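Reader: I would like to go through this model label by label, with each value set against the cut-off behind it. Please begin with a side chain and what it reaches.

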Amino acid sequence: MSINLLGKFWHKTLRQPFTLKRTFDTGEGDPVIFLHGIGRTASVWQHVIEGLSDSALRLVAFDLLGFGASPKPQWLEYNVDQHASAVIAGIERLGVSQPVILVGHSMGCLVSVRVARRRPDLVKHLVLYEMPLYEGLPETKRYKLRLDLYRKFYEKVIAYGPTFDDKKKMRMVERFGRKVIGFEVTPETWLPFIKSLENTIMKQAAVEDIQEIDTPMDAIYGTFDMFVIRGNLQQTIGTNSDHIVSHKLRVGHVISVRASRFLVERIKSAVVG
């Protein structure tokens, strides 16, 4: 049996979780886990981890399935449960004896809240930066137009299909992605990218996930970000939102130096409890 067939049998048929690459695993103490956004890698957390280097914390940043040095199986759907299962297995493999602080950016936020819903025993606190929610959005024409623009862009990207042979289209996506969203795609990560976009971001159930958990949560939004609800998360969730604290920063969708400093503050606050 080939390695690919054996891996498919092990993971798909036997439902054994994948092993995610730990780009960072440093320090000792309370565990803090970092999950990056779509089309990125754990390296985006560099400034945040440096800002926490003098803290008594164990800092772990995973490459999510399909990205960085983590596995990239072609048959996977890359939906939120598959991403979450790999993260849950990754946390369990750390052998920590206490719940973790889970820090997510963009799609990593969607994965984080699913992890907290499925395994509330594993998660002490959620720090969610630029979570792209598509339900309960403000009823403004400007926001609807922007959201419609990005939905059309997503649909057009997905329509390119599982292979990307058109170099001109690839360059267009790369330029747009880096400038506006901050993602990077390569031929190797293209299939995981479009499947994650379709099955985790566009077909999301994050509002329902948040409604079902009472994990303390910091929801951080950038005033220059095109994808966020901008502090209206409590209104979107409705009931059971006392555990949520919303914050606004004058930042875009990337983890800037300013955003990194604020994330460091929130993580330290979450450790204290």
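Reader: Which backbone oxygen does the side chain of Arg58 reach, and what makes this a polar contact?

Author: The side chain of Arg58 comes to 3.2 Å from the backbone oxygen of Leu94. A polar contact is a pair of N or O atoms within 3.5 Å, where within protein one must be able to donate a hydrogen and the other to accept it, and residues adjacent in sequence count only if both atoms are side-chain atoms; at 3.2 Å, the approach to Leu94 is inside that limit. Please keep in mind that this is a predicted model, in which local features need pLDDT of at least 70 and side-chain atom pairs count only at pLDDT 80 or more, while totals for chains, interfaces and linings use all residues. Residues are numbered from 1 along each chain as its sequence is written, and side-chain values use heavy atoms, with hydrogens and water left out.

Reader: Where is Arg58 placed, and is it buried or exposed?

Author: Arg58 sits in strand β3, strands (E, at least two residues) and helices (H or I, at least four) being DSSP runs numbered from the N terminus. Its relative accessible area is 19%, and because buried means under 20%, exposed over 50% and partly exposed in between (1.4 Å probe, protein chains only), Arg58 counts as buried. Leaving aside neighbours within four places in sequence, Arg58 is in contact (heavy atoms within 4.5 Å) with residues including Arg22, Asp25, Asp30, Leu94 and Val96.

Reader: Why is the pairing of Asp25 and Arg58 called a salt bridge?

Author: The term requires a side-chain nitrogen of Lys or Arg within 4 Å of a carboxyl oxygen of Asp or Glu, and the closest N and O atoms of Asp25 and Arg58 are 2.9 Å apart, so the pair qualifies. Asp25 belongs to strand β1 (residues 22-26) and Arg58 to strand β3 (residues 57-62), so the bridge ties together parts that are 33 residues apart in sequence. Asp25 also forms a salt bridge with Arg22, again with 2.9 Å between the closest N and O atoms. Arg22, at 32% relative accessible area, is partly exposed, and so is Asp25, at 33%.

Reader: How many salt bridges does the whole structure hold, and what makes Lys72 and Glu188 one of them?

Author: A search of the whole structure finds twelve. For Lys72 and Glu188 the closest N and O atoms are 4.0 Å apart, which reaches the limit of the definition without passing it. Lys72 lies in the loop between β3 and α3 (80-94), Glu188 in the loop between α6 (167-181) and α7 (190-202), so that this pair links parts of the chain 116 residues apart. Lys72 is buried, at 17%, whereas Glu188, at 54%, counts as exposed. Elsewhere, Asp81, Arg114, Arg117, Arg118, Glu208 and Asp209 are linked in a network of salt bridges.

Reader: Why is the aromatic pair of Phe34 and Trp45 called tilted?

Author: The structure holds three aromatic pairs. In this one the centres are 5.1 Å apart and the planes meet at 45°; rings of Phe, Tyr and Trp (its six-membered ring) pair if their centres lie within 6.5 Å, planes under 30 degrees apart counting as stacked, over 60 as edge-to-face and the rest as tilted, so 45° is tilted. Trp190 and Phe193, by contrast, are 5.7 Å apart centre to centre with 25° between the planes, and are therefore stacked. Those two residues are three places apart in helix α7, about one helical turn, and both count as buried, Trp190 at 1% and Phe193 at 2%. Phe34 and Trp45 are both buried too.

Reader: How do you know that the length of helix α10 agrees with its residue count?

Author: The expected span is 1.5 Å times one less than the number of residues. For the 16 residues of α10 (residues 257-272) that gives 22 Å, and the end C-alpha atoms are 23 Å apart, which agrees. Among the buried residues of α10 are Phe262, Leu263 and Ile267, and the helix is followed by Gly273, whose phi is positive, near 100°.
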